[in-house]
Amino acid sequence: LRSIDLKGWKTLAVTSPTPGCGKTLTAVNLALSLARQPEREVLLADLDLRKPQVAAYLGLNCRDGLLGVVEERIDFNSALVHTRAGSSRLAVLPTALTSNSSDLVASSAMRTLLHDISGHGQSRIAILDLPPLLVGHDAISILSQVDCALLVAAVGTSTVGEIEECNRYLQATEVVRFVLNKAPESGPAA
């Protein structure tokens, strides 16, 4: 958060090398954590059009959400779901599954949506749950339009080669942190 504030960043993309690394759970938990701060406005957007899970993780129903905005059937504000979890207030832009995700993420409507997401006041931080980097070009298309990224990998799921390949894709993007999930617990030393 300190890095984001110092650089004036507004959009943080969360991605992983492959599915099963915990990127969506990391994005949801980070959004909820940041939303607990009273001066913060947090938007969590599901940009994984191939396998959207943000709504399911938060127990929300999603008819259109981001997909409806990009297809110009509903406006941005109508697509937002405002939710509370304890003291966290969070705006969520869920999405529905689509088969033409590559066309949609490369569209001018998606560029406009990403501009709308980042174009709000200084206190808003948008966390974007992107698809895994190595399963298609969707995430790569979006990375050039975000301020920074968080890469989530998992022990037993991600390989060193996959992480190195992700680093090549992320060279033009500020990587704010690297999260390693599913690390085995080590017991106390005897």
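**Figure 1. Phe178 and its nonpolar neighbours at the surface.** Let us start with Phe178, a residue of strand E7 in this predicted model. Together with Val155 and Leu180, Phe178 makes up a nonpolar surface patch, whose accessible area comes to about 260 Å². Phe178 itself has a relative accessible area of 43%, so it counts as partly exposed.

**Figure 2. The open sheet, strand by strand.** Stepping back from Phe178, we meet a sheet of 7 strands in the order E3-E4-E2-E5-E1-E6-E7, open and with mixed pairing. Strand E3 (81–85) and strand E7 (174–181) stand at the edges; each has a single partner strand, so one side of each lacks a neighbour in the sheet. From one strand to the next, the twist averages 25°. Helix H7 (residues 108–118) packs on this sheet and touches E1, strand E2 (41–46), strand E4 (88–93) and E5. The direction of helix H7 makes about 140° with that of E5.

**Figure 3. Strand E2 and its two parallel partners.** Here the view closes in on E2, where 5 of the 6 residues are buried, so the strand is largely enclosed by the rest of the structure. E2 runs parallel to E5, and 6 bridges join them. E2 also pairs with E4 in the parallel sense, over 3 bridges. Ala45 is a handy landmark: it stands opposite Leu128 in E5, and its bridge partner in E4 is Leu93.

**Figure 4. Strand E1 beside strand E5.** Strand E1 (residues 11–15) and strand E5 (residues 124–129) run parallel and are joined by 4 bridges. To find your way, look for Leu12, which stands opposite Ile127 in E5.

**Figure 5. A salt bridge between strands E5 and E2.** The side chains of Arg124 and Glu41 meet in a salt bridge, at 3.5 Å from N to O. This pair links distant parts of the chain, with Arg124 in strand E5 and Glu41 in strand E2, 83 residues apart. Arg124 is buried, at a relative accessible area of 7%, whereas Glu41 is partly exposed, at 39%.

**Figure 6. Arg73 with two acidic partners.** Arg73 forms a salt bridge with Asp64, their closest N and O atoms lying 2.6 Å apart. Arg73 also forms a salt bridge with Glu71, where the closest N and O atoms are 2.4 Å apart. Each of these residues is partly exposed: Arg73 at 44% relative accessibility, Asp64 at 25% and Glu71 at 34%. Elsewhere, salt bridges that share partners join Lys23, Asp48 and Asp129 into one network.

How values were computed: Residues are numbered from 1 along each chain as its sequence is written. This is a predicted model: local features need pLDDT of at least 70, side-chain atom pairs count only at pLDDT 80 or more; totals for chains, interfaces and linings use all residues. Side-chain values use heavy atoms; hydrogens and water are left out. Two strands pair if DSSP finds at least two bridges between them. Axes are lines fitted to C-alpha atoms, for helices over the stretch in contact, and angles run from 0 to 180 degrees between N-to-C directions. Contact means heavy atoms within 4.5 Å. Patches are made of residues with over 30% relative accessible area and no salt bridge: like charges are joined within 9 Å, nonpolar side chains (Val, Leu, Ile, Met, Phe, Trp, Tyr) within 5 Å. Accessible areas come from the Shrake-Rupley method with a 1.4 Å probe; for residues, only the protein chains shown count as cover. A salt bridge is a side-chain nitrogen of Lys or Arg within 4 Å of a carboxyl oxygen of Asp or Glu. Buried means under 20% relative accessible area, exposed over 50%, partly exposed in between (1.4 Å probe, protein chains only).
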